[in-house]
Amino acid sequence: MRRILGMAWVLLAGTIALAADDKVKEFKFDKNDAGKVPVGWKSDQTGKGEASVWKVVADDTAPSKSGHVLAQTAEGPSAVFNLCVADDTSFKDVEVMVAFKAVKGKKDQGGGIVWRYQDANNYYIARMNPLEDNFRVYKVVDGKRTQLETKEDLKVPSGEWHNLKIKQIGDRMECFLDGKKYLDTKDDTFTKAGKVGLWTKADAQTYFDDFRVKPAGGK
């Protein structure tokens, strides 16, 4: 009987641990970090030039109802990618969700999610660009961006909140916009766990909110 109870406890403990590991991690942006990069995040960039200025700003329309969002506010050069990553994250198979609102940008607009981020020159990125009417997934290797898949002629109004989600298990990546899957492709360039975060290009000034991440499991 003791042996059976012991086995049952081990199984229960394993279930509890699994549930904890699968829990969604939510990142809040609030007034305590107003005017600066939020605690636990790091601003970085791919490419050279004055760019990648991230800070928490007030926005009463924030989907999280916090009244604050994380914003990329710089008008950087065309070749620069603005990055802001959650420092205390490390995921391989992962599901990431965020709400974004394109605010300004003449050369570029919108933004997206980065994952399996190794450093500022090596990561995956899925982004929506309202100026180009396309939703794309790329890999950035040694600072060079290569397109993996695109969905063209996709209209997304600027100045409104939209939702992005990516899911990668193994080498398969699926990318969703406002609840609909548009991209489904495979790539095995980055096989190790990496950080997750946010991305815009050049002068794309964009608001982000309701950032959530969790491990993704496969069968």
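# A walk through a strand-rich chain

At 66% relative accessibility, Asp142 is one of the exposed residues here, so it makes a handy place to start. Keep in mind as you go that this is a predicted model. Asp142 sits in the loop between strand E9 (134–141) and strand E10 (144–151). Its backbone is worth a look too: phi comes out positive, at about 50 degrees, although Asp142 is not a glycine.

From there, hop across to a contact partner. Asn121 touches Asp142, along with Thr46, Val140, Val141 and Gly143, once its neighbours within four places in sequence are left aside. Asn121 belongs to the loop between strand E7 (111–119) and E8, and E8 itself covers 122–129. So here one loop residue, Asn121, meets another, Asp142, in a contact between heavy atoms within 4.5 Å. The backbones come together as well: the C-alpha atoms of Asn121 and Gly143 are separated by 4.2 Å, with their positions 22 residues apart along the chain. How much of Asn121 can solvent reach? Its relative accessible area is 34%, and because that value falls between the 20% and 50% cut-offs, Asn121 counts as partly exposed.

Now step back into E7, where Arg116 is found. Like Asp142, Arg116 has a positive phi without being a glycine; the value is near 45 degrees. Its surroundings tell another story, though. Arg116 is buried, with a relative accessible area of 1%, whereas Asp142 is exposed at 66%.

Let's zoom out for a moment. The chain's secondary structure comes to one helix and 15 strands. Of its 219 residues, 46% are buried. Contacts reach well along the sequence: taking those with a separation of 6 or more, 66% are between residues 24 or more positions apart. On the outside, the chain exposes about 11100 Å², and carbon and sulfur atoms supply 50% of that area.

Back to the details, with two acidic side chains that each pair with a lysine. Go first to the loop between E8 and E9, where you'll find Asp133. Is Asp133 buried or exposed? It counts as buried because its relative accessibility is 16%, under the 20% cut-off. Its side chain has a polar partner in the side chain of Lys155, at 2.7 Å. Lys155 comes at the end of a run of contacts: beyond the neighbours within four places in sequence, Asp133 is in contact with Lys151, Glu152, Asp153, Leu154 and Lys155, and also with Met128.

The second pairing involves Glu174, in strand E12 (residues 172–177). Glu174 is buried too, with a relative accessible area of 13%. Which side chain makes a polar contact with that of Glu174? Lys181 does, at 2.8 Å. Setting aside residues up to four places away in sequence, Glu174 also touches Lys165, Ile166 and Lys167, as well as Leu183 and Asp184.

For the next stop, look at Trp41 in strand E2 (residues 41–46). Trp41 is buried, its relative accessible area being 9%. Its contacts beyond four places in sequence draw on several stretches of the chain: Phe27 and Phe29, Leu70, then Cys84, Val85, Ala86 and Asp87, then Gly197 and Leu198, and finally Phe211. With one of these, Asp87, the backbones can be compared directly: the C-alpha atoms of Trp41 and Asp87 are separated by 5.4 Å, although the two residues are 46 apart along the chain.

Three of those Trp41 partners, Phe27, Phe29 and Phe211, lead to the last feature, because they also appear in the lining of the largest cavity. How many cavities of 30 Å³ or more are there? The count is one, and about 40 Å³ of space lies in the largest cavity. Around it you'll find Glu26, Phe27, Lys28 and Phe29, then Ser64 and Ser66, and then Asp209, Asp210, Phe211 and Arg212. Strand E1 (25–27) and strand E15 (205–215) are the elements that give two or more residues to this lining, and E15 gives the most, with four. By residue class, the lining divides into five charged, three nonpolar and two polar.

How values were computed:
Residues numbered from 1 in each chain as written. Predicted model: local features only at pLDDT ≥ 70, side-chain atom pairs only at ≥ 80, totals over all residues. Heavy atoms only, no water. Buried < 20%, exposed > 50% of the residue type's maximum accessible area, 1.4 Å probe, protein only. Polar contact = N/O pair within 3.5 Å; in protein donor to acceptor, adjacent residues only side chain to side chain. Areas by Shrake-Rupley, 256 points an atom, 1.4 Å probe, with all protein chains shown as cover. 1 Å grid on protein atoms, 1.4 Å probe; cavity = no way out; pocket = protein on both sides within 12 Å on 5 of 7 lines; lining within 4 Å. Points joined across faces, edges and corners; volume = space filled by probe spheres on them. Nonpolar A, V, L, I, M, F, W, Y, C, P; charged D, E, K, R; others polar.
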